[in-house]
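Visitor: I'd like to learn how to read a few features off a model. Could you show me one at a time?

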Amino acid sequence: MKIFPAIILAAALLFSGCGGEEEQEMSLEDFPTRVKAIKVLTTDAPLTLSYSGQVVDRDEMKVQSKVSGSVVEKYVRGGQEVVEGQILFKIDDRQYQSAVLQAEANLAQSKTNLSKERVDLQRYEELWQSNAISEQTLANQRAIVESQEEEIAAQEALLQKAKDDLADTIVYAPMSGRLGIDDVPVGTLSTAGNTPLATIGIVDPVFVQFAVSEQEYLRLARHEENPNAHFKISLTLADGSSYPYYGEFAEYDRTLGNETGTLTIRTIFKNPDALLVPGMYARVEIDGLRIPNAMLVPERALQQLLGETLVIVAQSDNTSAVRKITLGEKIGSYYIVKSGLKADDWVIVEGLTNLRDGMPLEVTQVTAKDMGFSFTPSEKIFDAEKNATN
């Protein structure tokens, strides 16, 4: 009879043992995860816009001769800097010298003819006074004199054109700048107004051109109208170095691109050392814009799942909650949040691995300084304005 209490006790111990394992598994699952959380930041956020830009000539011109002929002299070399009015090329002028001599001879002959006809006119007027000739004969002579005067005016115009053509055999620089290396060699046959002899462009200052979206253009235009707005437009070159001068807005295109929906903007930069070369690419960064009352979360808090952006929030009861959010611009270590969070939310920035909705948390509240978050990129822009004064 005593066996039954023993069996009952053994069974009780067995079931209690099974229950202990289940309770142990539940305690491991419910153990709070240690995380670090930072409060959503709401402030007037500084915004830096970044674009891929290209250096272009401020002014570029194809140098062409006004007369046709072979290039017989070349006074410059490709890549040389020239000043306005400097002699660049000489066109063979032999035919133009001959044209001047021929025009001078024709004009002299016309003047001789006019002198003769005027003498005849004076004689005819005297004869008409004595009724020796008819009035019609006198009128005809007057017409001959007028025609000869017109002929002289035409010959003078031809002489002036011949002289201009002769002068145009010397090709001058139409503006100051740097020549391209596409200049032609001696012996090239130049056709008037058609054959490019060289390309010349202004190298200081230069334009840096880039394209912005319609929304970004409106943001820039509205900030530019603000008298308190102050833009800093900087360049980062292809080797990662910062260009030592700030730029200014110079030109806006008049229409948006039909295919791209973007607007082309040109900024102007000093280029005294000719470091910026047309065709060069650089990153354009525009500082000075502010987004009022922006809500921001650190990039480190973001997770991507099936095309959606998620953050995990530490709730007041120390449990996790997954939130889907909509992002705006990136600002340094942060992203602007357009929707999905409240100003008093705390988002988890460390300990996110394997976190799910509704899990218990052991939360350590941290600050941006603790985590090294900031509004500025890690690379600093060289302050050229300070160096320009040195």
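Visitor: Where does Y75 sit?

Guide: Y75 lies in the loop between strand 4 and strand 5 (81–82). Strands here are DSSP E runs of at least two residues, helices are H or I runs of at least four, and both are numbered from the N terminus. One caution: this is a predicted model, where local features need pLDDT of at least 70, side-chain atom pairs count only at pLDDT 80 or more, and totals for chains, interfaces and linings use all residues. Residues are numbered from 1 along each chain as its sequence is written, and side-chain values use heavy atoms, with hydrogens and water left out.

Visitor: Why does Y75 count as partly exposed?

Guide: Buried means under 20% relative accessible area, exposed means over 50%, and partly exposed is in between (1.4 Å probe, protein chains only). Y75 counts as partly exposed because its relative accessibility is 41%.

Visitor: Which residues form a nonpolar patch with Y75?

Guide: A patch takes residues with over 30% relative accessible area and no salt bridge (a Lys or Arg side-chain nitrogen within 4 Å of an Asp or Glu carboxyl oxygen). Like charges are joined within 9 Å, and nonpolar side chains (Val, Leu, Ile, Met, Phe, Trp, Tyr) within 5 Å. Here I87 and Y172 join Y75 on the surface, with about 290 Å² of accessible area together. Such areas are Shrake-Rupley values with a 1.4 Å probe, and for residues only the protein chains shown count as cover.

Visitor: What is the strand order in the sheet that holds strand 4?

Guide: Two strands pair if DSSP finds at least two bridges between them. This open, antiparallel sheet runs 7-6-4-9. Its edges are strand 7 (170–172) and strand 9 (189–190), each pairing on one side only. Strand 4 (residues 69–74) meets strand 9 over two bridges, and S70 has L189 as its bridge partner.

Visitor: And which sheet takes in strand 5?

Guide: That's another open antiparallel one, ordered 3-10-8-5, with strand 3 (60–64) and strand 5 at the edges. Inside it, strand 8 (residues 177–179) and strand 10 (residues 196–201) share two bridges, with L179 partnered by I200.

Visitor: Is strand 12 mostly covered or open?

Guide: Mostly covered: four of the five residues in strand 12 (residues 232–236) are buried. Strand 12 pairs antiparallel with strand 15 (residues 281–298) over five bridges, and I233 stands opposite I286.

Visitor: How many helices and strands does the protein have?

Guide: Six helices and 21 strands. Of its 390 residues, 34% count as buried.
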